Amino acid sequence: MTTHAIDEQASGHQFQGQAIKTLLILGASGDLTGRLLLPGLARLVRHGKAEGITLVGAGSDAWSTKDWQERLATSFAAASPDTGTRNDDGALEQICAASTYHQVDVTAEGSLAELIAGLQPPVAIYFALPPAVSEKACATLEPEDLPDGSRLVMEKPFGTDRESATRLNTILGRLVPEDHIHRVDHFLGKATVLNILGLRFANRLLEPVWNSLHIDSVDIVFDEKLTLENRARYYDGAGALKDMIQSHLLQVMALIAMNAPSTLHERDLRDHIGTVLRASSVHPDFRSSTRRARYTAGSIDGREVPNYVDESGVDPSRGTETLAEIVVSINNERWAGVPFRLRSGKSLGRTRKEAVITFKPVNHLPDGFTGVDSPTRLRIGFGPDTLELDLDVNGPGDVFCLDRATLQAELNASELLPYGEVLDGVLSGDPTLSVRGDTAEDCWRIVEPVLEAWKANDVPMDEYPAGSAGPSNWGTAEVGGEK
């Protein structure tokens with residue numbers, strides 16, 4: 001154990017559970033901050049959950065504090081109040097008026113430490129930066145540069161590969177204890193996580209059949225209509241597999257597949273998530289277990305979309321995929337033989353964000369029924385949060401003919417925006433929804449053999465027109481079955 005960790009146990013735990021006083025955003029002039037972080041903070045403040053917070057921005061752009069405050073006002077205004085908020089615009093105005101901006105090269109030796117020294121502790125440092133820049137910035141810090149109770153918040157992707165993730169974990173672990181590190185996965189909002197866990201473990205109807213004896217396959221899909229949206233500088237170096245599957249969808253898979261933890265305490269919950277991921281792998285016959293594709297010119301909702309390789313900032317030689325699918329095997333007693341198909345893509349015909357659990361057919365269907373004996377399917381939607389159960393029932397008119405019925409329910413959504421939930425955990429010192437260090441490395445372990453096979457062109461790059469359901473040779477339009 002490092003000296004800093006011992007000091008944390010002795011004195012720093014005075015901040016355990018104590019609200020953060022200063023939120024420092026590095027990369028304050030970037031798109032992520034303006035589009036997601038600041039609106040999330042605004043919603044948090046409107047719910048009275050960030051009282052007394054001081055906001056400080058830092059970036060490489062030559063902004064003045066006035067420029068920064070204008071961005072705050074614009075982003076705060078964009079986060080329209082939701083039903084039930086306190087609509088505390090006065091608090092937002094105070095935060096805006098007191099906030100300052102600093103032009104800093106965070107990778108320069110001593111510059112970040114000097115900035116932190118002038119802030120009121122405890123401090124949460126949000127690295128809204130590319131992973132390589134975040135690593136360089138952290139490497140300039142020493143444990144003594146961080147006041148007791150400091151929290152480090154890292155955006156995904158955590159590292160660029162398993163080696164860099166391991167290296168970054170080592171750097172961070174030298175600075176603060178693991179429970180003071182928040183590796184952000186905004187896809188896993190508190191409401192979404194608890195909806196999955198509540199469904200899994202609070203229903204006698206489901207838990208006894210939640211295994212390979214009864215479940216045929218699980219599909220986790222995150223298809224978007226969105227194109228690059230001026231993010232080529234990041235996305236063209238990542239692609240769909242790194243951007244979504246390596247981080248978000250593997251975490252969702254672990255929640256769906258995990259055994260019941262003793263409690264919802266962060267250690268119990270994250271231990272069980274880690275157990276699933278350690279048992280997970282992709283079969284090395286990558287032509288069968290993985291697929292990749294890239295969109296060509298097309299139309300989405302009447303808007304013309306250019307060929308991906310013609311988009312501004314794209315380097316065609318990188319061979320970046322915009323649609324990825326992998327089949328993950330979880331090698332344990334509960335899930336042996338059940339394929340978990342994870343798919344994510346951009347510029348598709350419709351937005352689809354859901355997990356689909358397909359059950360095996362009944363052992364015996366009495367002779368005499370007609371119609372189609374379709375599989376029972378449970379669909380968990382992630383935006384909006386919904387629940388649908390597809391069942392076979394007696395059809396109208398002919399009671400011997402099977403027909404399809406869908407039971408539907410809306411799940412409870414969070415009052416906060418996704419990044420509001422992220423910041424709520426950071427400011428209150430709750431790491432439950434953040435990704436633990438060993439888990440982040442395991443996610444890279446799972447996908448790295450796939451990335452290497454794709455880089456070697458062992459798997460063909462298929463194509464699909466923007467606005468379509470995907471490549472025509474991928475078979476049915478939707479994984480998990482057409483609704």
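These are my notebook entries on ring pairs, helix packing, unusual backbone spots and two single residues in a predicted model.

**Entry 1: aromatic rings**

I began with the rings and found that the structure holds five aromatic pairs. I looked closely at Trp68 and Tyr101, whose rings are 6.2 Å apart centre to centre with 40° between the planes, and I noted the pair as tilted. Since Trp68 belongs to helix H3 (residues 65-78) and Tyr101 to strand E3 (residues 100-103), this pair ties together parts that are 33 residues apart in sequence. I then checked accessibility and found both Trp68 and Tyr101 buried.

I turned next to Tyr295 and Tyr308, where the ring centres are 5.5 Å apart and the planes stand at 80°, so I recorded the pair as edge-to-face. Tyr295 sits in strand E9 (residues 290-296), while Tyr308 sits in the loop between strand E11 (303-305) and strand E12 (323-330), so the parts tied together here are 13 residues apart in sequence. Tyr295 and Tyr308 are buried as well.

Going back to Trp68 and Tyr101, I saw that ring pairs link them with Trp63 into a cluster. I also looked for a charge over a ring, and noted that Arg183 lies over the face of Phe158, at 4.8 Å from the ring centre.

**Entry 2: two helix packings**

For helices in contact I wrote down two values, because two packed helices are described by the angle between their axes and the distance between the axes. Helix H2 (residues 31-46) packs against helix H4 (residues 89-98) at an angle of about 130°, and their axes are 8 Å apart. That angle makes H2 oblique to H4, and I recorded the crossing of H2 and H4 as right-handed. When I listed the contacts, I found Ala42, Val45 and Arg46 on the H2 side, meeting Asp89, Ala91, Leu92 and Ile95 on the H4 side.

The second packing I looked up joins H11 and helix H14 (residues 437-455), with an angle of about 20° and axes 9 Å apart. Because angles under 35 degrees count as roughly parallel, I entered H11 as roughly parallel to H14. H11 passes H14 in a left-handed crossing. From H11, the residues Ile273, Gly274, Leu277 and Arg278 take part, and they meet Asp438, Thr439, Asp442, Cys443, Arg445 and Ile446 of H14.

**Entry 3: backbone spots worth a second look**

I searched the backbone for exceptions, as most residues other than glycine have a negative phi, and most peptide bonds are trans.

Where did I find cis peptide bonds? One of them joins Pro121 and Pro122, with omega about -10°, and another joins Lys156 and Pro157, with omega about -5°. Pro122 is placed in the loop between helix H5 (111-117) and strand E4 (123-127), whereas Pro157 lies in the loop between strand E5 (151-154) and helix H7 (162-175).

For phi, I noted that Glu229 has a positive value of about 50° although it is not a glycine. I located Glu229 in the loop between strand E7 (215-223) and helix H9 (232-235), and its relative accessible area of 39% makes it partly exposed. Asp301, also a residue other than glycine, has a positive phi near 55°. I placed Asp301 in the loop between strand E10 (298-300) and E11; with a relative accessible area of 65%, Asp301 is exposed.

**Entry 4: Thr22 and Thr275**

I finished with two threonines, one in a strand and one in a helix.

Is Thr22 buried or exposed? Its relative accessibility is 2%, so I counted Thr22 as buried. Thr22 lies in strand E1 (residues 22-26). Leaving aside residues up to four places away in sequence, I found that Thr22 touches Ile53, Thr54, Val56, Leu119, Gln120, Pro122, Val123 and Ala124. Pro122 in that list is the residue I had already noted in the cis peptide bond with Pro121. I also took one C-alpha to C-alpha distance, which puts Thr22 and Gly383 at 31 Å in space, with their positions 361 residues apart in sequence.

Thr275 is placed in helix H11 (residues 266-278). At 44% relative accessibility I counted Thr275 as partly exposed. From C-alpha to C-alpha, Thr275 and Ala124 are 29 Å apart in space, and they are 151 residues apart in sequence.

Key
Residues are numbered from 1 along each chain as its sequence is written. This is a predicted model: local features need pLDDT of at least 70, side-chain atom pairs count only at pLDDT 80 or more; totals for chains, interfaces and linings use all residues. Side-chain values use heavy atoms; hydrogens and water are left out. Rings of Phe, Tyr and Trp (its six-membered ring) pair if their centres lie within 6.5 Å; planes under 30 degrees apart count as stacked, over 60 as edge-to-face and the rest as tilted. Helices (H or I, at least four residues) and strands (E, at least two) are DSSP runs, numbered from the N terminus. Buried means under 20% relative accessible area, exposed over 50%, partly exposed in between (1.4 Å probe, protein chains only). A charge sits over a ring if NZ of Lys or CZ of Arg is within 6 Å of the ring centre and within 35 degrees of the ring normal. Contact means heavy atoms within 4.5 Å. Axes are lines fitted to C-alpha atoms, for helices over the stretch in contact, and angles run from 0 to 180 degrees between N-to-C directions. Angles under 35 degrees count as roughly parallel, over 145 as roughly antiparallel, 65 to 115 as roughly perpendicular and the rest as oblique. A crossing is left-handed if the near helix is turned anticlockwise from the far one by less than a right angle, and right-handed if clockwise.
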